[in-house]
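Hi everyone, thanks for coming. Let's walk through a structure together, and please have the viewer open while I talk.

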Amino acid sequence: MLKLSNRDSFQTLLSAVTLTSDDDQKPALIYIESGVDDVVVTRADFKQAIQNYASGLQQMGVSERDLVILAHTQNLESIYAFWGALLIGAIPSMFPTLTEKLDRDIYMNSMSELVNISDVRAILTTDDFAQELSARVNCPVYGSQTLLESVSDAYQPYIANADEVAFLQHSSGTTGLQKGVALSHRAVLNQVASYSDALQLNGSDVVVSWLPLYHDMGLIAGFLMPLIQGVPLVLMSPFDWVKSPAMLLRAISDHQGTLCWLPNFAYNHMARRIRKRDVDGISLASMRAFINCSEPVHASSHQLFHDKYSHLGLSGEQLTVSYAMAENTFAVSQTPIGTTPIIDIINRLELEQSLKAVPVSEDHEYALVKVSCGKTIPNTHIKVVDADGKTLADRQVGELLVTSDCMLTEYHKRDDLNPFDADGWYKTGDRGYLVDGEIFVIGRSKDLIINAGKNVYPQDLESVINGVDGVHPGRAVVFGVYDEKEGTELIAVVAEVDTEDEVERKSIFQNIKQAIVTQTTVTIHFVHLVGEKWLIKTSSGKIARAANRDKWLNETGR
Amino acid sequence: MDEATVREKVRQYIARELIRDESYQIDDEEGIITGGLMDSFSLAELAVYCEEEFDIYIPDPDLTVEKMNTLNQIIARIMRDIES
């Protein structure tokens, strides 16, 4: 197993325990699907499968250093293809697949743009979609069947250099804003070594995950780390988990799960949307840690989850927190395993007015509860700076900057974007403060909305809404509203319309919701139609997002 | 419980809790999920509601966009269990 103390014994991702261990009958991964028997893949099976994919890829003309996009349903095929690409030195990148709600044209256009911008060599997707997509993009598209038919006996292995880019992790958002975070073998292994030490990862661990593999948390914590470390991975599709969240708890119970990463909304989803009889006989006592990460952490979500499932063996000490980002491969920090995260109660008013986190009592009029994200993992450093880049003292709020030995190499094909400042620090865009090394995140510097773990840019949704008939072009504003029940930010839109007619307004309401669901990957939760001149604009004529949000909150009494 | 009562209860519940707009009048054949009126988490929530309100258990394979997209589909599925 990779640790900081034996870091030098791992050169590349292909040094993974799953690929190199003599004990090749141990499960590498267990894939769970709704209504189907679990598929147990041993290390031997895994090695054979990825070698087949490596051979198939080479037969189809994919070579070393070629970028291969895996726009696949989350399944074993996409997993094998990712590792098959690594074996031949190609650069794989996981991508979301087309969903039943998303407009096919829009999806294919964004793929086409990605192919052109990023110089994609090939796309692998499902058999039924390959032909259709093939007609739309400027590179070959292969279905799994075609790929497997190309398998020959052997493949030409590639000897990677530790500093070469191993794979890309694409950030969410629109294609225009999408950035391919390029990570080297060295960076990923440094992260896995440091993070494993922080987690006290050991041979008895079992990782259970429903997370999508195109997201950094799913890709690193819920996929690569367990396979590199030879820790069994119990994986399911996010689509299955969303509609039957009990699957995750059942999987933990059945497979003695010990580690599970979740964004904050998932605690609320599982506390609120699992039927009583679905948890009959389930035990969560095997868990060492649930790790809350990827969106702002709320103590109330932990409490809700704990209250609901303490009778299944869940304890407060199992609920830990991490602060992470794709640019640092994944984790920046982690709260200690087996300990409840530190809670800091601060004065909301002082925070807003003087950018200071001043402690107050729990029953204070302006009490704001913040949960610590823990201290940095080994070899990662953090500081808080003001707008001029000056380092701030403890409890002063500013932007969080990170440096480490597991940072990205670059944003792929984006020479215009330099992720680092002059001293090599990565500017996260997150705001927060430190107390004795404990990291507290307040929010984002920009208008970004984090809805159910997804990064949502309000400008993208506004441009869709501005195209809806009946909405005054340029007179719609989108913002996030934290919802205590859901444990995440919900998305609200206020749009100016001319008509007072109820039937016409209903139709505009429906068209806005429809346009968003087919043209983006999110759902609008609140649509507020207003008359002309409702929206507040800045002196320069731009829509003032925060001011309109406050006005909406006041008007609707939320 | 008769169908009209169930329909009214479910209609109000969906508008209030899932669409988050009590005044919204759902048409019987309107695509509630494909129309973006409620998000994908709502199917699981609807399943919990049906257990608590009508004491019925809708198994996971029935909780799909295809089978539960309109009010008519949802009501038919609930009534099948209530009447059996």
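How many residues does helix α2 of chain B have, and how far does it reach from its first C-alpha to its last? Keep in mind that this is a predicted model. Helix α2(B) covers residues 42-54, so to speak our starting point, with 13 residues and a reach of 17 Å. At 1.5 Å a residue we would expect 18 Å, and the helix is close to that.

Which residues of this helix are buried? In α2(B) they are Ser42(B), Leu43(B), Ala44(B), Leu46(B), Ala47(B), Tyr49(B) and Cys50(B). Now look at what lies over them: the cover includes α1 (3-18) and α3 (71-83) of chain B, together with α9 of chain A. Just after the helix comes Asp55(B), with a positive phi near 55°.

That α9 brings us to the contact between the chains. Chain A puts 22 residues into it, and chain B puts in 19. On the chain A side, α9 (238-243), α11 (264-272) and α15 (502-519) each supply at least two residues. Of the elements there, α15(A) gives the most, with 5 residues. Sorted by class, chain A's side of this contact has 6 nonpolar, 8 polar and 8 charged residues.

Let's zoom out to chain A. Its secondary structure comes to 16 helices and 27 strands. The radius of gyration is 24 Å, close to the 24 Å that the globule rule gives for 558 residues, so chain A is as compact as a globular protein of that length. Along its principal axes, the C-alpha trace of chain A spans about 70 × 55 × 55 Å. Of its 558 residues, 49% count as buried. And if you take contacts in chain A between residues at least 6 apart in sequence, 69% of them join residues at least 24 apart.

Next, the domains. Chain A is divided into domain 1 (4-234), domain 2 (344-444) and domain 3 (449-556). The C-alpha centres of domains 1 and 2 of chain A lie 31 Å apart, and 19 residues of domain 1 are in contact with 15 residues of domain 2. On the domain 1 side, α4 (104-118), β7 (165-170), β8 (180-184) and α7 (185-199) of chain A each supply at least two residues. Here α7(A) gives the most, with 7 residues. By class, that side of domain 1 has 10 nonpolar, 6 polar and 3 charged residues.

Finally, the inside. In soluble globular proteins, nonpolar side chains tend to be buried together. Which members of the largest nonpolar core touch the most other members? Among its 162 residues, they are Val68(A), Leu70(A), Ile123(A), Leu183(A) and Ile228(A). Helix α8 (residues 216-229) of chain A supplies the largest share of this core, 9 residues. The core also draws at least three residues from each of domain 1 and domain 2 of chain A.

Try clicking on Leu183(A). Leaving aside neighbours within four places in sequence, Leu183(A) is in contact with Val165(A), Ala166(A), Phe167(A), Gln169(A), Val188(A), Thr329(A), Leu408(A) and Thr409(A). There is also a second, separate core of 29 residues, which includes Ile465(A), Phe509(A), Ala515(A) and Trp552(A). Thanks for listening!

Notes
Residues numbered from 1 in each chain as written. Chains lettered and ligands numbered in written order. Predicted model: local features only at pLDDT ≥ 70, side-chain atom pairs only at ≥ 80, totals over all residues. Core = buried A, V, L, I, M, F, W, Y, C linked by C-beta atoms within 7 Å. Buried ≥ 20, exposed ≤ 12 C-beta atoms within 10 Å, placed from the backbone. Helix = DSSP H or I, 4+ residues; strand = E, 2+ residues; numbered from the N terminus. Domains from an automatic or database assignment. Contact = placed C-beta atoms within 7 Å. Rg over C-alpha atoms; globule rule 2.2 N^0.38 Å. Nonpolar A, V, L, I, M, F, W, Y, C, P; charged D, E, K, R; others polar. Expected span 1.5 Å × (residues − 1).
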